[in-house]
Amino acid sequence: MLYGVINVGDEPLEYPKFLFCGSFNPLHEGHVAIVDFIYKKYGTPVDFEISHNNVEKASITVDEMRKRWEQMRSLAKLSFGRLYMTDDARYLEKAEIFPDVTFVCGYDTMKALADGKYYKEDFNEVIKRFSELGTKWIVFPRQKDDGTVSGPEDFKDFPEELLKNMEIVTDFQPVNVRSRDIRNRL
């Protein structure tokens, strides 16, 4: 369910082309670097989505969503589009609301999705539904615990039907920062 849409940047958009989903607690330089990369490469601002529900975290309030929007607005750049507030914790529900969108995510998120751990139903059917909805993915690397950076070789065991709709970014140096580490420091 879509709760609302708030403009973060100054450029109005017709429909999201790139949708970056997350809790953005806080929005940090790694997120901004990804959004800037997409803007420079495609010339399109990136929209954000925050869900009231999350598959791995506690639900957040509308007031907390507003605080996160205010943080985004304070950091707004040409690369920022809108903020969509939803109630949808899983990507399939998000894809149902936003068909033909390209989801922006990191390797960790894509790995969790490809493992099928968030879907009790037959994951092959979920992947098929993504294809029917025209869902695409742009996946950014993550610095792994061993110091290496994730790359195309890390996707070799992913389902082929998912891979065919995925752009794996290889010309981006990840910013080694995580929101949870920032929260822990604070």
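Ala, Val, Leu, Ile, Met, Phe, Trp, Tyr, Cys and Pro are counted here as nonpolar, Asp, Glu, Lys and Arg as charged, and the others, Gly among them, as polar. By this division, the lining of the largest pocket comprises 23 nonpolar, 13 polar and 14 charged residues. The structure is a predicted model, and the pocket makes a convenient place to start reading it.

The largest pocket has a volume of about 1200 Å³. Its lining is made up of 50 residues, and those nearest the centre of the pocket are Cys21, Gly22, Glu56, Lys57 and Thr109. Several elements take part: at least two lining residues come from each of strand E2 (18–21), helix H1 (29–42), strand E3 (46–51), H3, strand E5 (102–106), H4 and helix H7 (179–185). Of the contributors, H4 gives the most, with six residues.

The loop between E2 and H1 deserves a careful look at its backbone. Phe24 is placed in this loop, and its phi is near 50°, a positive value in a residue other than glycine. With a relative accessible area of 3%, Phe24 lies under the 20% limit and is therefore buried. Pro26 belongs to the loop between E2 and H1 as well. The peptide bond leading from Asn25 to Pro26 is cis, with omega near 0°.

A positive phi also occurs at Asp100, where the angle is about 65° although the residue is not a glycine. Asp100 sits in the loop between H3 and E5. Here the side of the accessibility scale is another one: a value of 58% is over the 50% limit, so Asp100 counts as exposed.

Strand E4 (residues 80–86) includes Thr86. This threonine is buried, having a relative accessible area of 1%. Its side chain is joined to that of Glu49 by a polar contact of 2.4 Å. Beyond its neighbours within four places in sequence, Thr86 is in contact with Met1, Leu2 and Tyr3, with Glu49, Ile50, Ser51 and His52, and with Met65, Lys94, Ile97 and Phe98.

Turning to helix H5 (residues 123–132), the buried residues are Phe123, Val126, Ile127 and Phe130. Viewed down the axis of H5, these buried residues fall within an arc of 100°, so they line one face of the helix. What they pack against is a mixed set of elements: helix H3 (91–97), helix H4 (107–114), strand E6 (136–140) and helix H6 (160–163). H4 thus appears in two settings, as a packing partner of the buried residues of H5 and as a contributor to the lining of the largest pocket.

The two ends of H5 have features of their own. At the N-terminal end, Asp122 acts as a cap, with a side-chain oxygen 3.1 Å from the backbone nitrogen of Asn124. Just after H5, Gly134 adopts a positive phi of about 75°.

Within H5, Ile127 can be followed individually. Its relative accessibility is 2%, and Ile127 therefore counts as buried, the limit being under 20%. Leaving aside neighbours within four places in sequence, Ile127 is in contact with Pro159, Glu161 and Leu162. Ile127 also offers a link back to the loop described above: Ile127 and Asn25 are separated by 102 residues in sequence and by 28 Å in space, C-alpha to C-alpha.

How values were computed: Residues are numbered from 1 along each chain as its sequence is written. This is a predicted model: local features need pLDDT of at least 70, side-chain atom pairs count only at pLDDT 80 or more; totals for chains, interfaces and linings use all residues. Side-chain values use heavy atoms; hydrogens and water are left out. Buried means under 20% relative accessible area, exposed over 50%, partly exposed in between (1.4 Å probe, protein chains only). Helices (H or I, at least four residues) and strands (E, at least two) are DSSP runs, numbered from the N terminus. The arc is that of the directions from the helix axis to the C-beta atoms. Contact means heavy atoms within 4.5 Å. A polar contact is a pair of N or O atoms within 3.5 Å; within protein, one must be able to donate a hydrogen and the other to accept it, and residues adjacent in sequence count only if both atoms are side-chain atoms. On a 1 Å grid over the protein atoms alone, a cavity is a set of points where a 1.4 Å probe fits but cannot get out, and a pocket is an open set with protein on both sides within 12 Å along at least five of seven lines; lining residues have an atom within 4 Å of a point. Grid points are joined across faces, edges and corners, and a volume is the space filled by probe spheres set on the points.
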